[in-house]
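Reader: I'd like a close look at one part of this model, and then a walk through what surrounds it. Could you take me through it slowly?

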Amino acid sequence: MKIYDTVVVGAGPAGCAAALYVARGGKSVRVFHNGKSALIKAHSIGNYYGAATSGAELYEKGLAQIQSVGAELVNAEVVSCSFDGEYFRTNSGEETLSRTLVIATGATRVKPNIKGIDEFEGKGVSYCAVCDAFFYRKKTVAVLGAGEFARHEYNELSRVVGDVILLSDGEKTTISADKLDSRKIERLVGNNGRLSGVRFTDGNEIKLDGLFVAQGVLGGYSLAKQLGAFVDNDGIKVDGRCMTALKGLYAVGDCTHGIKQIAKAVYDGMTAGLDISSSLSAARKSKA
């Protein structure tokens, strides 16, 4: 199996900038994207140096640019990542190994507009099955979602907890689940300050010990938590090199603290890319 120097999850301005600098440094890079960058929604960009174009056009130019310098672009959804002490393992249906990993998913944490989500976060509501499944052994939990990310979390929990239910909250899903409830959720309910269940719009309730939110795709928040990086309400915490507390794990752009602008995203990507390229070169020289 090929081992990449860097895997980048996300191909917006931050991810492409990181990939560009790593590839230009002579390192191997694989970039995962799903074509859903927030940049595409920008009809016109007027506050980024030299750009008088649409977000979609800038996005496509970024993809072409990184491919022109040798970065490998993969249109696939990443559903989980792990670190085995030597390599990062990125799962997109198949596993990719890399020496470093860059989270560049943008501000994609999905928080449902359901009453009680904020109230019970950390008190029965979780955003990471890998992180928290252990605490629900022999208990009943639910996964909220209808896509591939929800499928992954459902399967992860099924190996650990007592019972797991998939709640699609009215969305259509092709996920295969032993227990599936597609009713629309009205609110979460609790007891003594902790989540105790879900109430549907039809007035009925089910009892739960935990609820794992997995709507949309795997965002930077959940990805960072899977790997043990520090995350708060403002994003993923990084140092001046855009590295998290886990060596070799970087986060760039809107998924981190700070302003959410293209210029800042590109700066983050450049910073991470340069540090990755130089640190890998130094490591190889020391082994020579």
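What follows α5, and what is the sign of its phi?

Author: Right after α5 comes G228, and its phi is positive, near 90°. Before going on, a word on the ground rules: this is a predicted model, where local features need pLDDT of at least 70, side-chain atom pairs count only at pLDDT 80 or more, and totals for chains, interfaces and linings use all residues. Residues are numbered from 1 along each chain as its sequence is written, and side-chain values use heavy atoms, with hydrogens and water left out.

Back to the helix. α5 covers residues 220–227, and 7 of its 8 residues are buried, so the rest of the structure largely encloses it. Buried here means under 20% relative accessible area with a 1.4 Å probe, protein chains only (over 50% is exposed, in between is partly exposed). The buried ones are G220, Y221, S222, L223, A224, Q226 and L227. Helices (H or I, at least four residues) and strands (E, at least two) are DSSP runs, numbered from the N terminus.

A little further along, G235 sits in strand β16 (residues 235–236). G235 counts as buried because its relative accessibility is 12%. Setting aside neighbours within four places in sequence, G235 is in contact (heavy atoms within 4.5 Å) with F230, C255, T256 and H257. Its C-alpha is 25 Å from that of T96, 139 residues away along the chain.

T96 turns up again as a contact of T90, together with V7, F32, V78, S80, C81, E95 and L101, again leaving aside neighbours within four places in sequence. T90 belongs to strand β5 (residues 88–91) and counts as buried because its relative accessibility is 0%.

Now for a helix pair. α1 (residues 13–24) and α2 (residues 55–68) pack at about 15° with axes 9 Å apart; axes are lines fitted to C-alpha atoms, for helices over the stretch in contact, and angles run from 0 to 180 degrees between N-to-C directions. The two are therefore roughly parallel to each other (angles under 35 degrees count as such). C16, A19 and L20 of α1 meet G62, L63, Q65 and I66 of α2. Those contact residues split into 5 nonpolar, 2 polar and no charged (Ala, Val, Leu, Ile, Met, Phe, Trp, Tyr, Cys and Pro are nonpolar, Asp, Glu, Lys and Arg charged, and the others, Gly among them, polar).

Technical notes
Angles under 35 degrees count as roughly parallel, over 145 as roughly antiparallel, 65 to 115 as roughly perpendicular and the rest as oblique.
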